[in-house]
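Me: Please take a close look at the pockets of this model, starting with the second largest one, and then set them against the chain as a whole.

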Amino acid sequence: MKVLFPIMSLAVALSLHAATLPGFRVEKLGAGAGGFISSVAVDSQGRIDYTTTAGDIFRFAGGASTLLAHVTTDANGNSGLLGLALLDDDDAVVHYTTFGQTYDVISRIDLVTGQESVIHPFVCDIDFPVRGSYAEHHGGNPTVGADGSIVVGIGDYGGGLIASLPQWNGGKIFRIAPDGTVTQWARGLRNPFDVIWDPSRQRVIVADNGPGIGDDLNVLAEGANCGWPFTFAGQPPAEGVTPPVYFFQKTVAPTGTVALNGANPQLRSGILMATFVAKAILFVPDIDARPLPDPIALIDHETGSIIDVAQSKDGDIVFVTGDSLYRLIVPMRGDCNGDGHLNSADLDAFERELADAPEPTTNAQNGTFNGSWGCDANGDGLIDETDRAELVRLTGARRRAVGR
């Protein structure tokens, strides 16, 4: 079987380089059941579901995987079972390709019985459907809105030009309403692996994989044209093209994204992005900041290539590589030196961090001291003098001093 996601293979040497931030760690939950893991999701009960390109949907618990369902597909290149999103704890939406890559299929899967109900098949070759398409650039994860709408991106099948042609399905983002109505939301994309639906502003946030250097982030209203293949990140946009809000100077190869739900004490809002080439989880605190600051690498080269990332309702963040499942550990409040412990050493680190204060929590690693986000002991988003009293309380340093 060909290596998944070969669009990135020529650009590994150009990958983003950054150090893992103090206090951020990974915990390996276990290995997958077999096959290449292509997506992950967490249900309302904290159960982890994941897919493999070979067509299997597994539930992971207690270090073991249980097969829930299977779809008939062909794991070849960027084809196969490409992604999953949960409608509820018992039902999922999946995106997979048929044999010969003749169709990109969106289906509903009953996770209790394994039964499949096709929602919509997107034909790959509109002129001669049985001919199919190239195995690359078929996109990935669908996402489900609160109203049950499904949003999914499909790549350009390696064909380039068809991304600009409205009548073709490749190189597009689609929204499928609960009644089955399909809307072409955006065109001119090369290979979008994951999408975020923002219902409050009726927009799609999507990272697209460029040719070599050219990965970008886009915020798209209905009807947007991203310009591929005539223009892409860093190039002057053609007339009528919606330019990206950010483009990467080095290849990262974004493959999974999630909008944070507010439940994590350190990552309360913003977007997380899994990257295949950079082997990092990137954090975008505010997608509407202009100009958009560089995304922050929370972990870097702690694992193999990262495929997808998800969050539980309680705030836990899980992610997958091609063969394993992990949890992202964030710094504890008060753990200013990022060693995973709360003690008097954190007070010393805090006094050093104050040389750069006041500053946003996300700047703790910059400046004269490489501090942890845990220096923001009171959790107000700012590191300053007001954190000292809470830091003393959390570490218990004052009580120990009195006892001596």
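Reply: In this predicted model, the lining of the second largest pocket is made up of five nonpolar, six polar and three charged residues. The pocket itself has a volume of about 220 Å³, and of the 14 residues that line it, Gln-266, Arg-268, Phe-283, Thr-361 and Thr-362 are the closest to its centre.

The largest pocket holds about 990 Å³ of space. Its lining is formed by 43 residues, and those that lie nearest the centre are Thr-143, Val-144, Val-258, Ala-259 and Gln-311. By class, the lining of the largest pocket divides into 23 nonpolar, 10 polar and 10 charged residues. Several strands take part in this lining: β2 (37-42), β6 (81-88), β10 (142-144), β14 (195-198), β15 (203-208), β19 (254-259) and β23 (306-311) each supply at least two residues, and β6 gives the most, with five residues.

Gln-311, one of the residues nearest the centre of the largest pocket, also offers a way to place Leu-328, since the two are 17 residues apart in sequence and 9.9 Å apart in space, taken from C-alpha to C-alpha. Leu-328 belongs to strand β25, which covers residues 324-329. With a relative accessibility of 5%, Leu-328 falls under the 20% limit and therefore counts as buried. Leaving aside residues up to four places away in sequence, Leu-328 touches Phe-24, Arg-25, Leu-267, Leu-298, Ile-299, Ile-317 and Phe-319.

As for the setting of these pockets, the protein chain contains three helices and 27 strands. Its radius of gyration is 22 Å, close to the 22 Å that the globule rule gives for 404 residues, so the chain is as compact as a globular protein of that length. Taken along the principal axes, the C-alpha atoms of the protein chain fill a box of roughly 80 × 50 × 40 Å. Of the 404 residues in the chain, 56% are buried, and among the contacts with a separation of 6 or more, 53% are accounted for by residues 24 or more positions apart. The surface that the protein chain exposes comes to about 16000 Å², of which carbon and sulfur atoms supply 53%.

Methods: Residues are numbered from 1 along each chain as its sequence is written. This is a predicted model: local features need pLDDT of at least 70, side-chain atom pairs count only at pLDDT 80 or more; totals for chains, interfaces and linings use all residues. Side-chain values use heavy atoms; hydrogens and water are left out. On a 1 Å grid over the protein atoms alone, a cavity is a set of points where a 1.4 Å probe fits but cannot get out, and a pocket is an open set with protein on both sides within 12 Å along at least five of seven lines; lining residues have an atom within 4 Å of a point. Grid points are joined across faces, edges and corners, and a volume is the space filled by probe spheres set on the points. Helices (H or I, at least four residues) and strands (E, at least two) are DSSP runs, numbered from the N terminus. Ala, Val, Leu, Ile, Met, Phe, Trp, Tyr, Cys and Pro count as nonpolar, Asp, Glu, Lys and Arg as charged, and the others, Gly among them, as polar. The radius of gyration is taken over C-alpha atoms; the globule rule is 2.2 Å times the number of residues to the power 0.38. Buried means under 20% relative accessible area, exposed over 50%, partly exposed in between (1.4 Å probe, protein chains only). Contact means heavy atoms within 4.5 Å. Accessible areas come from the Shrake-Rupley method with a 1.4 Å probe; for residues, only the protein chains shown count as cover.
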